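Me: I would like a close look at one part of this protein, followed by what surrounds it. Please keep it plain and give the cut-offs.

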Amino acid sequence: MKILVLSDHESKSLYEYYSPEKLQDIDLIISCGDLRANYLTFFATFSHAPVYYVRGNHDCRYEECPPEGCTCIEDDIITYNGIRIMGLGGSMQYIPGSPNQYTERGMERRIKKMWWKLKKNKGFDILVTHAPAFELNDLPDLPHQGFSCFKALMDKYSPKYFLHGHVHANYGKSFKREDQYGCTKVVNAYEYYIIEYPENYI
């Protein structure tokens, strides 16, 4: 199963120079945030794959004009073809009171409120966030610092994948496309990346 993951930067190859064959083998599309609503709507329109998304710290306009034909998975666990996908968007709070920004404790509260969904679904297979996990390819500055509670989630549930964005490829040596945390493969979805989700995982 092929999953196209997107985040933070629009791909000229997929968007401006679109051709049908680039999306024809994609089974699922997941956005990790900070992309225009119209950009996600484009993929929902020109691909047969469903589009799931979480919000980035710059996605305030989604409240008034959400991506059409797409499914928001914020604070939820969605099952697609047997794969349980958990969504937690937003970044570390660096401007108090701003939307889609959370303190560590605020993100922990969001997770605690999902206790029944986690219990009912017996965990999850893919964690989708905008921000990275703390000290796992994040940056030392507060806006790009990761959340420790994401590590706690992975420690407890051992998902197959952790997908995030927020740390751009042009930020320097801290950028890693793929990494490993315990049993979990970590993927930075910046611009776009295609994951081959093994059938034996389903």
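Which residues in helix 1 (residues 37-46) are buried?

Reply: This is a predicted model, in which local features need pLDDT of at least 70 and side-chain atom pairs count only at pLDDT 80 or more, while totals for chains, interfaces and linings use all residues. Residues are numbered from 1 along each chain as its sequence is written, and side-chain values use heavy atoms, with hydrogens and water left out.

In helix 1, the buried residues are Ala37, Tyr39, Leu40, Thr41, Phe42 and Phe43. Buried means under 20% relative accessible area, exposed means over 50%, and partly exposed lies in between (1.4 Å probe, protein chains only). Helices (H or I, at least four residues) and strands (E, at least two) are DSSP runs, numbered from the N terminus. The cover over these helix 1 residues includes strand 1 (2-7), strand 2 (28-31) and strand 3 (51-53); contact here means heavy atoms within 4.5 Å.

Just before the helix, in the loop between strand 2 and helix 1, lies arginine 36. The side chain of arginine 36 meets that of glutamate 10 in a salt bridge (2.6 Å, N to O), that is, a side-chain nitrogen of Lys or Arg within 4 Å of a carboxyl oxygen of Asp or Glu. Glutamate 10 sits in the loop between strand 1 and strand 2, so the pair ties together parts that are 26 residues apart in sequence. Glutamate 10 counts as partly exposed because its relative accessibility is 25%, and arginine 36 is partly exposed at 39%.

Strand 1 has a salt bridge of its own, between lysine 2 and glutamate 196 (3.9 Å, N to O). Glutamate 196 is in strand 13 (residues 191-196), and the two partners are 194 residues apart. Lysine 2 is partly exposed at 27% relative accessibility, as is glutamate 196 at 49%. The structure holds nine salt bridges.

Strands 1 and 2 also feed the largest nonpolar core, to which each supplies at least two residues. A nonpolar core is a set of buried Ala, Val, Leu, Ile, Met, Phe, Trp, Tyr and Cys residues joined through side-chain atoms within 4.5 Å. This core has 21 residues, and those with the most contacts inside it are Ile3, Ile85, Ile126, Val128 and Leu163. Strand 5 (76-80), strand 6 (83-88), strand 9 (126-129) and strand 10 (161-164) likewise each contribute at least two. Leaving aside residues up to four places away in sequence, isoleucine 85 touches residues including Leu28, Ile30, Tyr52, Ile126 and Val128. A second, separate core of 20 residues includes Leu88, Leu118, Ala131 and Phe147.

Asp76 is another contact of isoleucine 85. Aspartate 76 forms a salt bridge with lysine 117, with the closest N and O atoms 3.5 Å apart. The pair joins strand 5 to helix 3 (residues 115-120) across 41 residues. Aspartate 76 is partly exposed, with a relative accessible area of 23%, and lysine 117 is partly exposed at 29%. Salt bridges that share partners also join Glu74, Asp75 and Arg110 into one network.
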